[in-house]
Amino acid sequence: GHRLTWKAYHNFNDIVGYLDYLAKTYPDLCSVQTIGTTHEGRALKLLKISNGHPANEAIWIDGGIHAREWISPAVTTYIINHLVENWEELPSYLKNIDWHILPVLNPDGYDYSQKFNRLWRKNRSRNPGSNCRGVDLNRNYGYMWGGEGTSSNPCSEVYRGKGAFSEPETAAVQNFITSQRKGDYFKAFLTFHSYGQYILYPWGYSKAITPDNNDMKLAGTQAATAIRNGSGATYQVGPAAILLYPAAGGSDDWAKGTMGIKYSFTVELRDTGRYGFILPASYIEQSGQEAFNFVDAMARSVTIL
Ligand code: 0X9
Ligand code: ZN
């Protein structure tokens, strides 16, 4: 294991090596857990950062569910680095949280996008009866699975899979989150994508508005303000189906609708279209700082100050 730079996009093995390095270097703060195994046999490794206080609440962060959105694993590892390397100086509302961070939820797809097809989106599962590979993992979660904005065609970029949680990656997330302390241990569920500069919250499956829409809007707006105060970048805030498009089976809807995690957000990172998915690595530091400011604002919003 070893540290990472923020000047290049790293491959999956290097990212996992970084998690292992942290667990070895900071054993009182960091631990690595394998929550599942992909179709191609890669371990889904999650980093827990915690001071071990039993009263802590938790925040979930994942990245890399869509293979081609390389900025996402880059910023989730940036967030990890920022938390761990500055731990002693962090405010107590950040230190009294159990952080569960999975930087690469779709490592098979990520690897494929680095080696063979830069714009690959799905995982790499085989689909019986079809020559097309892969399921869109953000159409495979169990809340309103199969609805609008999804496809039953294995060749589609938004193929939902043959059933909810049919994929090892989504099943691993479901198993892990349901296996954690019950009650409202998880205060927030945050998932990083690109691109477009949006802070999205449920619902994604339909344009229906949640009963607590105003709470989500407030937390989202405060986070957008924190980002803007940092870098000047503008992030739009709103319900996913309205601001973007309806798409069912997303992880954000499942976190809120099934798991009851009130503050569930999808962040679409930089940029607004100039480079799109092919964002140059020179944007990692700036995007990482924006994502950290987002997470910091969320942690403030969801915990008692
Ligand atoms: O379509 C998606 O999965 C996300 N956009 S992306 O361009 N990164 O693919 C948006 C997901 C928003 N949430 C839901 N629709 N549930
Ligand atoms: Zn995405």
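So, the Peptidase M14 domain: the UniProt annotation, from an unreviewed entry, places it at residues 8–302. Keep in mind that what we have on screen is a predicted model. Across that span, 35% is helix and 18% is strand, and the C-alpha atoms at its two ends lie 32 Å apart.

Let me start with helix α9, residues 284–302. What packs against α9 at an angle of about 65 degrees? That is helix α2, residues 71–85, and the two axes are 8 Å apart. The crossing of α2 past α9 is right-handed. If you'd like to click along, the α2 side of this contact is Ile71, Ala74, Val75, Tyr78, Ile79 and His82. On the α9 side, they meet Ile284, Ser287, Gly288, Ala291, Phe292 and Val295. By class, that contact has 9 nonpolar residues, 3 polar ones and no charged ones.

Now for another partner of α9, helix α6, which covers residues 213–231. Here the axes come within 8 Å and cross at roughly 145 degrees. This crossing is right-handed. From α6, the contact takes in Ala219, Gln222, Ala223, Ala226, Ile227, Gly230 and Ser231. Facing them from α9 are Gln286, Gln289, Glu290, Asn293, Phe294, Asp296, Ala297, Met298 and Ser301. And how many of the residues in this contact are nonpolar, polar and charged? The contact of α6 with α9 has 7 nonpolar, 7 polar and 2 charged.

Let's move on to the strands, and to β8 in particular, residues 263–269. Is β8 mostly covered or mostly open? It is mostly covered, with 7 of its 7 residues buried. Looking at the two faces, Tyr263, Phe265, Val267 and Leu269 sit on one side, and Ser264, Thr266 and Glu268 on the other, all of them buried. So that you can spot the charged residue in the list, take Glu268: it is buried along with Ser264 and Thr266 on its side of the strand.

Which strands pair with β8? One is β5, residues 186–194, which runs parallel to β8 over 7 bridges. Glu268 comes up again here, as the bridge partner of His193. Another is β6, residues 198–201, joined to β8 by 3 bridges in the antiparallel sense. In that pairing, Leu200 has Thr266 as its bridge partner.

To recap, α9 packs with α2 and also with α6, while β8 pairs with β5 in the parallel sense and with β6 in the antiparallel one. Thanks, everyone, and I'm happy to zoom in on any of these.

Notes: Residues are numbered from 1 along each chain as its sequence is written. Chains are lettered from A and ligands numbered from 1 in the order in which they are written. This is a predicted model: local features need pLDDT of at least 70, side-chain atom pairs count only at pLDDT 80 or more; totals for chains, interfaces and linings use all residues. UniProt positions are given in the numbering used here, feature names are shortened, and annotations may be inferred rather than shown by experiment. Helices (H or I, at least four residues) and strands (E, at least two) are DSSP runs, numbered from the N terminus. Axes are lines fitted to C-alpha atoms, for helices over the stretch in contact, and angles run from 0 to 180 degrees between N-to-C directions. A crossing is left-handed if the near helix is turned anticlockwise from the far one by less than a right angle, and right-handed if clockwise. Two residues are in contact if their C-beta atoms, placed from the backbone, lie within 7 Å. Ala, Val, Leu, Ile, Met, Phe, Trp, Tyr, Cys and Pro count as nonpolar, Asp, Glu, Lys and Arg as charged, and the others, Gly among them, as polar. A residue is buried if 20 or more other C-beta atoms lie within 10 Å of its own, exposed if 12 or fewer, and partly exposed in between; C-beta atoms are placed from the backbone. Two strands pair if DSSP finds at least two bridges between them.
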